[in-house]
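I opened this model to take notes on its fold and its confidence. My entries follow in the order I looked things up.

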Amino acid sequence: METTASGGGPGGPDGPDGPGRGFGCASFNQDSTSLALGTRTGYKLFSLTMVEKLDCIHESVETPDVYIVERLFSSSLVVVVSSSIPLRMYIYHFKKGTEICNYSYPNNILAVKLNRQRLVVCLEESIYIHNIKDMELLQTLLNTPPNPSGLCALSVNHSNSYLAYPGSATIGEIVVYDANNLTTVTLIPAHDSPLAALTFNVSATRLASASEKGTVIRVFSIPEGQRLFEFRRGMKSRGDEDSSWGAYVGKMFSTASSYFPAQVSGMMSQDRAFATVHLLASGQKNICTLAIVQKLPRLLVATADGQLFIYNLDPQDGGECVLAQKHRLFGVDEDQAEVSDPEGSKVTGPAQTCPTYAATAALPATGPITATLTGYSEDGGAKKGEIIPEHEFAAGPVCLDDENEFPPINWCRDRTGGGQGRHS
């Protein structure tokens with residue numbers, strides 16, 4: 001699901017050059033077990049396996065003014081883009097503390113999407129598709145409609161690797177592209193006004209969209225592109241709340257079918273909300289995801305002022321989601337560390353001190369797994385060549401070679417390969 005928030009590139013209102021307090025961007029990884037945070041000084045990675053505790057598992061200060069940071073599931077592969085060099089994408093192996101490779105592009109990078117097969121780089125009027133295993137440039141989609149926000153979505157299912165992006169700058173058309181077979185699948189006339197949000201469900205059989213109006217969220221079948229559901233906001237919003245609320249509802253409902261019972265999925269087709277959340281502040285950019293944390297469905301919301309809210313979600317009865325916990329994503333002044341809110345919850349103190357690389361690398365190869373969605377372990381993956389199960393929605397297991405497979409370090413060091421994406 002599309003869960004990245006930033007200022008839309010270097011110099012954006014919430015980006016590294018904007019007025020934000022050191023918060024450049026944030027993104028949940030593909031299975032919502034990790035949160036990546038870009039800051040003025042670098043980036044941080046948090047583990048999301050517990051409600052009461054927020055663990056910062058890595059912090060880097062080598063790349064300043066990060067406005068894009070994306071982690072590949074729970075592996076050690078992290079993609080970073082800085083506003084100081086917005087044309088260049090860096091790929092790091094953070095557990096080893098090494099740069100694997102970097103690529104440069106002809107214009108500013110607006111978005112990067114990852115799954116286990118593909119790495120997609122979105123510019124304003126072009127899209128680059130790489131094979132993530134060796135970073136070979138497979139396809140360049142040139143002269144795409146102007147897309148200044150870098151809006152696009154890449155399905156997390158590696159068997160059905162679909163890419164969705166705007167097909168028009170004036171109306172809400174969606175191009176669905178098969179990133180595995182490198183062919184266009186369908187063109188969906190989704191909305192009358194330009195698109196504002198796109199997201200696939202986990203199995204890549206559904207695509208949800210919202211327009212800039214933010215009043216209607218539509219869900220389409222994939223790959224056919226037939227409209228299946230339509231949801232309306234059901235409440236009045238003002239100003240910037242329209243788009244943020246519409247985007248939130250679109251993300252929530254598009255993923256809900258992966259977690260909810262069949263009878264709940266039927267309720268989604270009705271013209272009303274099954275469950276709601278009232279955030280404590282408005283007028284700011286937020287990102288959200290649905291996840292299973294400690295065996296229960298939760299809604300996670302990271303806000304532009306540097307907080308992570310965790311809500312309990314009732315999959316049977318829905319209704320108003322209950323705030324279970326909230327955490328600070330970066331430090332605050334001491335007199336702000338215990339601030340009560342109208343619901344009686346308190347903001348926890350500054351996030352835990354991030355361990356050094358040496359401490360991270362010294363972690364045992366296997367340890368207790370607290371997440372209920374199995375997959376890449378938090379220590380950076382299984383042993384070389386070991387077969388491990390993916391999460392419950394995957395078609396089958398994968399062979400994980402965390403040190404070399406995503407992509408091979410030797411290939412990048414040798415600077416071999418070709419394509420319009422330039423090695424530097």
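**Notebook: burial, confidence, one sheet**

I began with burial: of the 424 residues in the protein chain, 56% are buried. The model is a predicted one, and I kept that in mind throughout.

For the surface, I noted that the protein chain exposes about 17200 Å². Carbon and sulfur atoms supply 50% of that area.

I then looked up contacts. Among those in the protein chain with a separation of 6 or more, 44% are between residues 24 or more positions apart.

Next I checked confidence. The average pLDDT of the protein chain is 74, and 63% of the residues score at least 70. I marked two stretches. Over residues 259-270 pLDDT stays under 50, and the model has 24 contacts beyond four places in sequence for them. Over residues 332-401 pLDDT also stays under 50, with 131 such contacts in the model. I leave the details of such stretches alone, because predicted coordinates should not be read in detail where pLDDT is low.

For secondary structure, I recorded four helices and 30 strands in the protein chain.

I picked out one sheet. It is open, has four strands in the order 18-19-20-21, and pairs them antiparallel. Which strands stand at its edges? They are strand 18 (195-200) and strand 21 (227-232); each has a single partner strand, so one side of each is left without a neighbour in the sheet. On average, neighbouring strands of this sheet are turned by 20° against each other, direction ignored.

Last, I followed the pairing of strand 21. Five bridges join strand 21 to strand 20 (residues 216-221), and the two run antiparallel. Arginine 218 has glutamate 230 in strand 21 as its bridge partner.

Methods: Residues numbered from 1 in each chain as written. Predicted model: local features only at pLDDT ≥ 70, side-chain atom pairs only at ≥ 80, totals over all residues. Heavy atoms only, no water. Pairing = 2+ DSSP bridges. Axes fitted to C-alpha atoms, helices over the stretch in contact; angles between N-to-C directions. Buried < 20%, exposed > 50% of the residue type's maximum accessible area, 1.4 Å probe, protein only. Contact = heavy atoms within 4.5 Å. Areas by Shrake-Rupley, 256 points an atom, 1.4 Å probe, with all protein chains shown as cover. pLDDT = per-residue confidence, 0-100.
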